[in-house]
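Trainee: Could we go through this model together? I would like to start with the chain contacts and then turn to the strands and domains.

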Amino acid sequence: MIAEFAHGALWLAAALCLMQLGLGVAALRGEQAISRAIRPIAAIQALLVVTAFAALIWLFWRTDLSVALVAANSHSAKPLLYKIAGAWGNHEGSMLLWLTVLTGSGALFAAFEKRLEARTMAASLAAQAAIGIGFFAFLLLSSNPFERLNPSAVEGKGLNPLLQDPGLAFHPPTLYLGYVGLSVAFSLAVGAMLTGSVGSALARAMRPWVLGSWIFLTAGILAGSYWAYYELGWGGYWFWDPVENASLMPWIAATALLHSVGVLAARNALKAWTMMLALIGFSMSMVGTFLVRSGILTSVHAFAVDPERGAFILFLLTFYIGAALLIFGWKIGHVRDSEPFEPVSREGALVANNLLLSVILALVFIGTLYPILAEAMGEQISVGPPYFNTVIGPLALILALLLFVGPKLRWRRGGPLFSPLGIAGLLLSAAMLVITFLLGWNLTILERLGLSIAPGLALASLAPLWGRNLLRTPAPITGMVVAHLGLAVLLAGMAAESGFTKERLVLARPGEQIEVGPWTMEFEGTRPVAGPNWTAVEAELRASRGSGPVLLKPQSRYFSSPPTQTSEAALATDWDGQLYAVIGQGSESEGWQLRLWWKPLVTLIWLGGFLVTLGGLIALIGRWWGEWRRRRRLAGSGYRERRAW
Amino acid sequence: MRKLLFVIGLGLSLPLAAQGSLAPADYANRQLEDAGQEARAAALMEELRCLVCQGQSIADSDADMAGDMRHLVRERIQRGESPAEIRDYLIERYGEWVSYRPAPERPIFWPLYLAPVLLLLIAGWMVRRRFRRPRP
C-alpha cells in the first residue's frame, strides 16, 4: 500500500510541477495576480516528493521484498545503516533523491527569496519547474522505484559490499545537494535573461545557492575521494576516473561561478560571463548524472542493459542545455556591462581565475569524453592520469601563483601588484625551491613546484587579513582566507604524497620484519574474524620507528550476498603521515601477500580539503548572519520590508 | 572488441591461475630487488590499464590478468628493456586501450594535445578583446 501511495504522490507532484510552469509563464506575461499561487505550489510539490522518498526509505528499512527495487538491491541480513543507505545506492532510488533535492531547493528558493523583482522571480520558478518536469518524466516513465514484484522475492540480492561503508552512504546525498543546488543558479540565470534584469540584485540572490552548492560539492568530492583512498585499498585518492571527473566538472564550474558572481554582486560587471557560467554549472551536473547513470564510460554493459535510460537522460540534457544556450544567444545582446576596469585590478585577477578554471573544465570534459568520440571513429583508446596530470597540473599551479596577488588587488584600478605578505610568500617559495634541490630530493617538476609554491601560498593567502582587526574582519573575507589557505595545504599534501610515498610488496610469513620507509613492521600473524554479514582474515602488524609501536589490522573480507571479496585497509596516522596496510591472498604455509605504504604528509590533503570546505561555510554563515542582522535593524527602526509579491 | 579482449585475457590468465600466483619466481606481487628498476616498473604499471577491470591500472587491480601483466613488466624491466619498449609491445598486442598515456605521435591523439593550446589562445584572445577598448 505504501509503495502505491508514494507512486501516486509522485504523479501528483508532477502535475503540480506542470502547473507551476504554466502559472510562471502566465505571470511572466503580465498576469501578476496568478503568481501568488506559485509559492504554495512549489512547497506542496516538494512535500509530496519528500514523502515519496521517505516511503522508499521505509520500504528499504523494512526490507519489503514485494517491491522489485528492494528485492534487487537489499538483503534482510544487512546492518540498518546500509538498509537505509541502500535506498539511494541504486539507479531508481538515486534519481528519486535527485528529484527530492531538485523540488526541495525549488521550494526553499520560492519560500525565502524575497528581494528579487517579481517578474524575474516568476520566470525563474517557471524555469525551475521546466527542469523538474523532465526529471519527473524520467523517473515515472522509465525508472519507477515503486514497481511491485509478483510473487515477491524470498530474499533480496544484497547491496554491493564496496558500497557498505559509512563514507559512501552519505557521499551521494551530499554530492546531489551540490549538483542539484546549482539548478537554482541555472533557473535564476534563465529567468533574469528572459526579463532582462541581469545585475547586482540577481547576483546577490544567486550567490547563496552557488556557495551552498559549492560547499556540498567540495564536501561530497572529499568524502568520495577519502572513501576511494581507504576502501578500495589501492592507496590512491584520485584516479581521473570518468565517474570522479563527473563530480569534478560541476565543482570547477561552481568555483568559477562563485568568483564571478562576486564580481557581479560587488561591481555589476562580468554579466554575460556570469550568466554563461551559471548555465554551464548545472549543465555539468546533468552531464555528470548522465555519465554516471548511463554507465556509458565505466562499463559498456551497464549502458547496453538499458540503453533507453541513457538515451532519455541524454535527450533531457541536450534539450535543457540547448534551450538555455538559445535563450543566452537571444537575450545576452541586450545585457550591457557598465563598470570598466583595468587589467591589473581585482576584476582582472578574477577574470584570469575564471578563464583558467574554464580551460581546466574544458580539458577535463574533453579528456573524459574523447574516448567515446574515438570509439565512434573505430578506435579503442584510454585517456588516463598521465594526460590529465600533464595538461591540468601546470594550469593549476598558475592558478596557485595568481593567488599570491589576486585577493589583495584593488577593485577597478590597480594599486601595487604585490602586498608585503605576497612578496614574503614569493620569497619563501623561491627559498623552498632551492631547498628541494639542495636536499637532493628526487622529484618530478610538478612535485617540486608544488612543494615550493605551497608554503609561500600559505603565507600569501593570509594577506587579506594583514592590518585588520581579526575580530572585526567580515566573515566572507575570513572564509576566503581559510579556503585559500586550505588550497595551499592541499597542494602540499598532494605534492608530498606523490613525491615521497614508499611502497613495499611482500610475501610474508608470521614473525617476519619488513622495512617501509622509516618504519619497521613486524608481521605477527593472522586470525579469522566475522562481522554481521561477512567473514574475514585479519592480519596483525606491529609498526615502530624508535617510539612505541602502532598496531595495524588489515582485513580481507568475504561477503556472501552477493559473493564478493573486499579488502579493508588498515591506516595508522602519525603527525607526519599515514601508514597504510593491505592484506591479499595467502596461507599459513606459503605466507601472506602484504602491500604496505608509508605516505608522508598525506593527511594534509584531507586537512586542506576540510579547510576549503570550512572557508565556504564561514562565508555562507557570515552572509546569513549579516542578512539577519540587517532585517532586525530594519524591523527595529519601525520600517517593515515589503515583499516584492 | 572489448569482449574479445576479455576472452583473450581470460585465456592468458588461466595457466597463471593454475600455477598459483604466489610461486617464488612470480613478479606479479613481488618487487624487483633493484630500487631503480622497481621505480621504473611501478611508474609504467600505473599507466597500463587492466583489461578485464572497470577503469583500474594494473598496479591497483587484483585480477589475475593484471598480475600476469605486472609479472611481464617487471621481468622485462629486469632484462633491461626500457618502459617505452614494453609499452609499445603491449600496445601492439592489446591495442591503444591498454595505455592510459595518449601517445602524442599518433594522429588520433592530436586533438587531445591541441586542445590546451587552442583553449589558452581563445582565453588570451578574450582577455585582449576585453581590455582593448579605450578606458575613460
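Mentor: We can take the topics in that order, bearing in mind that this is a predicted model.

Trainee: How many residues of chain A are in contact with chain B?

Mentor: On the chain A side there are 36 residues, and they are in contact with 31 residues of chain B.

Trainee: Which elements of chain A give two or more residues to that side?

Mentor: They are two helices, α13 (346-376) and α14 (385-402), together with β1 (502-508) and β9 (577-587) of chain A. The largest share comes from α13(A), which supplies nine residues.

Trainee: And how do the residues on that side of chain A divide by class?

Mentor: There are 21 nonpolar, 11 polar and four charged residues on the side of chain A that touches chain B.

Trainee: Staying with those two helices, at what angle do α13(A) and α14(A) pack?

Mentor: The angle is about 170°, and the axes of α13(A) and α14(A) are 10 Å apart. At an angle over 145 degrees a pair counts as roughly antiparallel, and α13(A) and α14(A) are therefore roughly antiparallel to each other.

Trainee: Which residues make the contact?

Mentor: From α13(A), the contributors include A:Ala352, A:Leu356, A:Ile360 and A:Leu363. From α14(A), they include A:Phe388, A:Val391, A:Leu395 and A:Leu399. By class, the contact of α13(A) with α14(A) has 15 nonpolar residues, two polar and no charged.

Trainee: Changing chain for a moment, which residues of chain B does the UniProt annotation "transmembrane region" cover?

Mentor: According to the unreviewed UniProt entry, the annotation covers residues 108-127 of chain B. In the model that span is 90% helix and 0% strand, and its end C-alpha atoms lie 31 Å apart.

Trainee: Back to chain A, then. In what order do the four strands of the open sheet come?

Mentor: The order is β1-β10-β9-β8 in chain A, with antiparallel pairing. The edge strands are β1 and β8 (570-574) of chain A, each of which pairs on one side only. From one strand to the next, the twist averages 15°.

Trainee: How many bridges join β1(A) to β10?

Mentor: Seven bridges join β1(A) to β10 (residues 591-600) of chain A, and the two run antiparallel. Within this pair, A:Leu505 has A:Arg595 of β10(A) as its bridge partner.

Trainee: What about the other edge, where β8(A) is joined to β9(A)?

Mentor: Five bridges join β8(A) to β9(A), and these strands run antiparallel. A:Ala572 stands opposite A:Leu579 in β9(A). The two strands, β8(A) and β9(A), form a hairpin with two residues between them.

Trainee: Moving along the chain, how do β2 and β3 of chain A pair?

Mentor: Strand β2 (residues 513-516) and strand β3 (residues 519-530) of chain A pair in the antiparallel sense over four bridges. A:Ile514 has A:Met521 in β3(A) as its bridge partner. β2(A) and β3(A) form a hairpin with two residues between them, and A:Gly517 in the turn has a positive phi of about 55°.

Trainee: And over how many bridges does β3(A) pair with β4?

Mentor: β3(A) and β4 (residues 534-544) of chain A pair over 10 bridges in the antiparallel sense. In β4(A), A:Ser544 is the bridge partner of A:Thr520. Three residues lie between β3(A) and β4(A) in the hairpin that they form.

Trainee: Finally, the domains: how is chain A divided?

Mentor: The assignment gives domain 1 (1-164), domain 2 (418-500 + 603-636) and domain 3 (502-600). Taken over C-alpha atoms, the centres of domain 2 and domain 3 of chain A are separated by 35 Å.

Trainee: How many residues of domain 2 are in contact with domain 3 of chain A?

Mentor: Four residues of domain 2 of chain A are in contact with five residues of domain 3 of chain A. Helix α17 (residues 475-500) of chain A gives the most to the domain 2 side, with three residues. By class, that side has two nonpolar, one polar and one charged residues.

Definitions and conventions: Residues are numbered from 1 along each chain as its sequence is written. Chains are lettered from A and ligands numbered from 1 in the order in which they are written. This is a predicted model: local features need pLDDT of at least 70, side-chain atom pairs count only at pLDDT 80 or more; totals for chains, interfaces and linings use all residues. Two residues are in contact if their C-beta atoms, placed from the backbone, lie within 7 Å. Ala, Val, Leu, Ile, Met, Phe, Trp, Tyr, Cys and Pro count as nonpolar, Asp, Glu, Lys and Arg as charged, and the others, Gly among them, as polar. UniProt positions are given in the numbering used here, feature names are shortened, and annotations may be inferred rather than shown by experiment. Axes are lines fitted to C-alpha atoms, for helices over the stretch in contact, and angles run from 0 to 180 degrees between N-to-C directions. Angles under 35 degrees count as roughly parallel, over 145 as roughly antiparallel, 65 to 115 as roughly perpendicular and the rest as oblique. Two strands pair if DSSP finds at least two bridges between them. Domain bounds come from an automatic or database domain assignment.
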